Amino acid sequence: MGMNMGSGKKGPVSDINVTPLVDVMLVLLVIFMVTAPMLFSGINLKLPKTQKVNNVGLRPELVVLSITENEQFYLGKAAITQKDLVPSILKLFKKNNTDVVYLRADYNLRYEKVAKTIAVLKKAGVSNIALVTEVEKGK
C-alpha cells in the first residue's frame with residue numbers, strides 16, 4: 001500500500017495519485033456541460049420595466065430612433081419613413097462620429113415590429129443598438 005519495494009528504500013511513496021482527481025474533474029465537467037443550457041431556458045420576463053436606467057435625452061449628438069404605437073418612425077424629433085431609416089442613420093453616424101442607435105419603442109407596440117426593425121438595422125451594419133426604457137415608479 002504505497003510502499004516502494006524496488007530501490008531498497010523503505011517508507012511511503014509521496015507521489016500524488018492523479019487518476020481519482022481527473023475522474024472527479026471529468027464527472028464535474030460533464031455535469032456542468034449538461035446543466036448549463038438548462039439555466040438559460042424557460043425564463044419568464046416581463047418587459048420593459050427597470051429599477052434604474054441611464055437617462056437618455058434627445059440630445060443632438062445621439063442617434064435616437066423612436067417608434068410610436070402606430071408604427072411611425074422618428075429620428076430624434078423628426079418624422080422619417082421606414083425606407084429612409086437606414087440611410088438617415090448611417091448619415092447621422094458619419095455626422096456625429098458615433099455608431100450607437102438608441103431605440104425607443106412604445107410599450108403598446110408589438111414586439112414583432114421592434115424585432116424586425118432591429119433585424120433591418122443589423123443587416124445594414126448597425127451593430128450597437130441600445131434599448132431605452134423608463135424607470136419603474138412606486139417601488
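The following exercises, each with a worked solution, concern a predicted model.

**Exercise 1. Strand pairing**

Determine which strands pair with β4, and in which sense.

*Solution.* Step 1: Begin with β1, residues 63-67, and β4, residues 100-105; these two strands run parallel and are joined by five bridges. One of the residue pairs consists of serine 66 and arginine 104, the latter being the bridge partner in β4.

Step 2: Turn to β5, residues 128-131, which pairs with β4 over four bridges, again in the parallel sense. Here tyrosine 102 stands opposite alanine 130, and valine 100 has asparagine 128 of β5 as its bridge partner.

Step 3: Combine the results. β4 pairs with β1 and with β5, in parallel fashion in each case.

**Exercise 2. The connection between β4 and β5**

State which helix belongs to the β-α-β unit of β4 and β5, and give the hand of that unit.

*Solution.* Step 1: The helix is α3, which comprises residues 111-123.

Step 2: Together, β4, α3 and β5 form a β-α-β unit that is right-handed.

**Exercise 3. The two sides of helix α2**

Establish whether the length of α2 agrees with the expected span, and describe where its buried residues lie.

*Solution.* Step 1: Helix α2 covers residues 85-96, twelve in number; at 1.5 Å a residue it should span 16 Å, and the C-alpha atoms at its ends are 16 Å apart, which agrees.

Step 2: List the buried residues of α2: Leu85, Val86, Ile89, Phe93 and Asn96. Viewed down the helix axis, these residues fall within an arc of 110°, and they therefore line one face of α2. As a general principle, an α-helix has 3.6 residues a turn, so residues three or four places apart point the same way.

Step 3: Identify what this face meets. The buried residues of α2 pack against β1, β2 (73-75), β3 (78-80), β4 and α3.

Step 4: Consider the other side of α2, where Lys91, Lys94 and Lys95 are exposed.

Step 5: Examine the residue just after the helix; asparagine 97 adopts a positive phi of about 55°.

**Exercise 4. Lysine 113**

Decide whether lysine 113 is buried or exposed, and name the residues that it contacts beyond its sequence neighbours.

*Solution.* Step 1: Locate lysine 113, which lies in helix α3.

Step 2: Its relative accessible area is 15%. Because a residue under 20% counts as buried, lysine 113 is buried.

Step 3: Setting aside neighbours within four places in sequence, lysine 113 is in contact with Glu71, Phe73 and Gln82. With glutamine 82, the side chain of lysine 113 makes a polar contact of 3.3 Å, side chain to side chain.

Terms used
Residues numbered from 1 in each chain as written. Predicted model: local features only at pLDDT ≥ 70, side-chain atom pairs only at ≥ 80, totals over all residues. Heavy atoms only, no water. Pairing = 2+ DSSP bridges. Right-handed = clockwise from strand over helix to strand, strands pointing away. Buried < 20%, exposed > 50% of the residue type's maximum accessible area, 1.4 Å probe, protein only. Polar contact = N/O pair within 3.5 Å; in protein donor to acceptor, adjacent residues only side chain to side chain. Contact = heavy atoms within 4.5 Å. Expected span 1.5 Å × (residues − 1). Arc of directions from axis to C-beta.
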